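User: I am new to this structure and would like a close look at a single part of it. Please pick out a helix, show me what surrounds it, and then place it in the wider chain.

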Amino acid sequence: MKISVNLLRELIDFEWSAERLVENLTMSGSEVEAVEQKGNDIQGILAAKVIEVAKIEGSDKLTCCTVFDGREKIDVVCGAPNVAHDQVVLFAPVDSRIPGSTLEKAKIAGKESAGMILSEAELQLSENAGEIAVLPDDIKPGTPLEKIVDYKDTILQLEITPNRPDCLSHIGIAREVQALGGGKLKMPDVKLAESDIPASGAVKIVIDNPRGCPRYTGRVIRNVKIGPSPLWLKMMVYYLDMRPINNVVDITNYVMLELGHPLHAFDFDLFKKPEVVVRNASDGEKFITLDEVERTLNSNHLLITDSVSGVAVAGIMGGELSEVSEKTSNILLESAYFDPVIIRRGSKALGLATESSRRFERGADPEMAPFANNRACKLISEIAGGENLSGVVDAYPAPLVPVEIDFKPENINSLLGTKLSANAMCDILKGLDIDTRNGDSYKAIQPSFRPDLTREVDLSEEIARIHGFENIPPVFRPGGALGAEETKLQRLTRDIESYLTGAGGTEVFSLTLVDSNLTRRLGLLESSVTVMNPLSEELAAVRPSLLLSMLPVLRRNINFKERDLFLYELGDIYLPSDQEELPLQQIRLAIGLSGYEAPVFWGEKQRKIDFFTIKGLVENLADYLKLGTINLRPEPHFAFDKSRSFVVYINDNNIGYLGSLSEECLKIADIKEEVLFAEFDMQKIESLVPDSLAAKEVDRFPSADRDIAIVIDENIGAEEIRSEIINSSVGFADDVRIFDLYHGKNIPESKKSLAFSIKYRLPDRTLTDEEVDDVHGKIADVLKMKFGAELRS
């Protein structure tokens, strides 16, 4: 939506600069996307009178004209076909400026030209480039352009949300400025002279479908003179991205842009009967619209007819056979309200969207219909002449009843986190032209131009944006009816994000839709949920694992030479369900690592990430969340190298898996770096997180430290040995950690050496060396008997 600041100032006399206007509108929800300055590159243009026109020999188009600029006679060469003696024209003398150039003396076709007679297009005031601009005869030669028309303007491009049809107009934006403290809104003057002949005797209006057309107003204007619009009107329509056509059509467009209510002018003499019938079209009914296209309608289209044949597709576009032209003398001016759903369906079915349909399908103002009609009639009588028949013919069989919205100021304050008084809230609503009542309770009366306001929460939004979101104090969690206590899963998610980000990780936010080709090549497509009508092959499957969305992120970063990666994602996966129609949705945590653990540092040797990097990261995260001890059990996984593929257990609960991606998986994903990956079920992690933490007393007695190194079979896991040490220590072992793994000299090929450090400690006394040695020896015996372990010296 484009807004002219000049036109806006006619509706509300605000003192803000254009910059402040932009800021205030944007902060209150009417975002200004672009600002365009008009007319700043025009200087020195004035009115001049053509006093002589002579053809130039040897040229079919060029003429030598003498113009009087109020001070002197000047010869210029002109190529316009409509230049004529005694015309008042726009003239650019030498040294004046027009968009793109500064005027200089020139020799054209052997004649000296000291200036230029201008078209409106050369000043970018309209798109009419084929003819020079001809001004009214009462404008004196020498009158500067700025005194003829206010051509300097600021045009704002606004992004209007679909629920705010009132802001698709200058009056709607003026109302916003009023609410923001910019001044008092002034409605345009609609007082007009009328004849004694009643319009109701000249036209009859019948509404066959009152649901599709709740209101239809018509006015009749006789003996109008169709012609070009005055310069100010053509300029304003052109500035606001519409094409000037003629004075009557331009006025209807201008009023639509001003008031937000679409109108349509019919050549009333072309009606077969002096009657308007609003009905549904018949299936297959043909109709030629103003763009000269024959369209096939269906029974869902609303058609304006003269009771014999169609004259307009309601709310979308008029018909060619009733178009206003230079031959038109008598006009029927339509200003109606049509149902938004019917207009939207009709527009989509025809593939035809117009400025009119855009407003109707969002919800026009039914109470604005007669006002807009009167406004357009007043301008037509002033610009095109004519006789306004008395009164508006208004068919409004079932007037729309406004909604009364109960609201409690305390509820709004609770929701917004504000401390506004009830009077302050009512003042804000009053600035938006929303009436309030205060009896047993507070009530707001829905204005006809705000169909989006139906509930207390809608009023809360209005109060918040006008009060200023920047003036609402920030709080961690909202209160009020919409406030909710943070869930355990939300707290867990926040803790995981905090820990992994603090550990150097970068959170990834990817789409749940993934590449079906990648899914198939990894063998997961048959067990995945697929999209029936995908936008593309890259978005054809719903991910059954976060690995499918993590792989493209890793590949892209590695291809961009970002090889040292620590990425994580918290997101949903979807699995097919046999029992339910909808797939199962689960929340997962994924971690992906590649490259080196830390950047290059002169004091340390770089360490490449490996299996123990991700294992340590997961163990530290589990310790941070107080989940318990991590236990890794080797199990095959479709994406992992067979020797480094593990399922992660905590207290016999399978919470996920981790490992090193296999060469085949990396080849399929087109990744040329080693990648470590882990994925966990967040619901299972949530079940293991304690609801509360208990403090532990600092150890009061010293520990006795011992090491044990054993040789065991290669296939025995270190965690099995660690667990057995703890169980065999009869409560003496306070902490057991592995600190060495060795293969090589003096170790048989199918064996490995593991070394553990053990802290022996009791909470109530100091252990003696004899007690520690006794327990340590028993542990060695148990390991030898159960696992065939041999002690290493």
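Analyst: What follows starts with one helix and then moves outward to the chain, its loops and its cysteines.

This is a predicted model. The part to look at is helix α11, which covers residues 422-431. Which of its residues are buried? They are Ala422, Met425, Cys426, Ile428, Leu429 and Gly431.

What do these buried residues pack against? Their partners include three helices: α4 (170-179), α10 (409-416) and α12 (456-467). Strands take part as well, namely β26 (404-407), β27 (436-438) and β28 (442-445). So look for both helices and strands around α11 when you turn the model. Both kinds of element pack against the buried residues of α11.

Now follow the chain out of the helix. Asp433 comes after α11, and its phi is positive, near 60°. Most residues other than glycine have a negative phi. Asp433 therefore goes against that general pattern.

Helix α5 makes a useful companion to α11. It spans residues 231-239 and is mostly covered, with seven of its nine residues buried. The buried ones are Leu231, Leu233, Lys234, Met235, Met236, Val237 and Tyr239. A lysine, Lys234, is among them. Just after α5 sits Asp241, with a positive phi of about 70°. An aspartate with positive phi thus follows α5, and one follows α11 too.

Next, step back to the whole chain. It has 20 helices and 42 strands. Its radius of gyration is 40 Å, well over the 28 Å that the globule rule gives for 793 residues, so the chain is more spread out than a compact globule. The C-alpha atoms fill a box of roughly 125 × 75 × 55 Å along the principal axes. Buried residues account for 50% of the 793 residues.

How do contacts link the sequence? Take contacts between residues at least 6 apart in sequence: 68% of them join residues at least 24 apart. The accessible surface comes to about 40,200 Å², and carbon and sulfur atoms hold 49% of it. Charges are counted too: there are 89 positive and 126 negative ones, and their mean positions are 1 Å apart.

Some loop residues also have a positive phi. Gln124 is one of them, with phi near 55°. It lies in the loop between β11 (115-117) and β12. Is Gln124 buried or partly exposed? Its relative accessibility is 44%, so it counts as partly exposed.

The strand after that loop is β12, residues 134-135, and Val134 belongs to it. Val134 is partly exposed, at 42% relative accessible area. Leaving aside residues up to four places away in sequence, it touches Asn82, Gln87 and Val88. Lys225 is 91 residues from Val134 along the chain, and their C-alpha atoms are separated by 17 Å.

A second loop joins β20 (302-305) and β21 (310-313), and Ser307 lies in it. Ser307 is not a glycine, yet its phi is positive, about 80°. Its relative accessible area is 30%, which makes it partly exposed. Val308 lies in this loop as well. Val308 is partly exposed too, with a relative accessible area of 47%. Beyond residues up to four places away in sequence, Val308 touches Lys272 and Lys273. Asn24 is 284 residues from Val308 along the chain, and their C-alpha atoms are 51 Å apart.

Last come the cysteines. How many disulfides does the structure hold? It holds zero. Cys65 is in none: the nearest cysteine sulfur, that of Cys78, is 5.0 Å away. A disulfide needs the two sulfur atoms within 2.5 Å. Cys65 is buried, at 0% relative accessibility. Cys213 is in no disulfide either, and its nearest cysteine sulfur, on Cys377, is 18 Å away. Cys213 is also buried, with a relative accessible area of 0%. Cys426, back in α11, is another buried cysteine.

Methods:
Residues are numbered from 1 along each chain as its sequence is written. This is a predicted model: local features need pLDDT of at least 70, side-chain atom pairs count only at pLDDT 80 or more; totals for chains, interfaces and linings use all residues. Side-chain values use heavy atoms; hydrogens and water are left out. Buried means under 20% relative accessible area, exposed over 50%, partly exposed in between (1.4 Å probe, protein chains only). Helices (H or I, at least four residues) and strands (E, at least two) are DSSP runs, numbered from the N terminus. The radius of gyration is taken over C-alpha atoms; the globule rule is 2.2 Å times the number of residues to the power 0.38. Contact means heavy atoms within 4.5 Å. Accessible areas come from the Shrake-Rupley method with a 1.4 Å probe; for residues, only the protein chains shown count as cover. Lys and Arg count as positive and Asp and Glu as negative; His and the chain ends are not counted. The place of a charge is taken as NZ of Lys, CZ of Arg, CG of Asp or CD of Glu.
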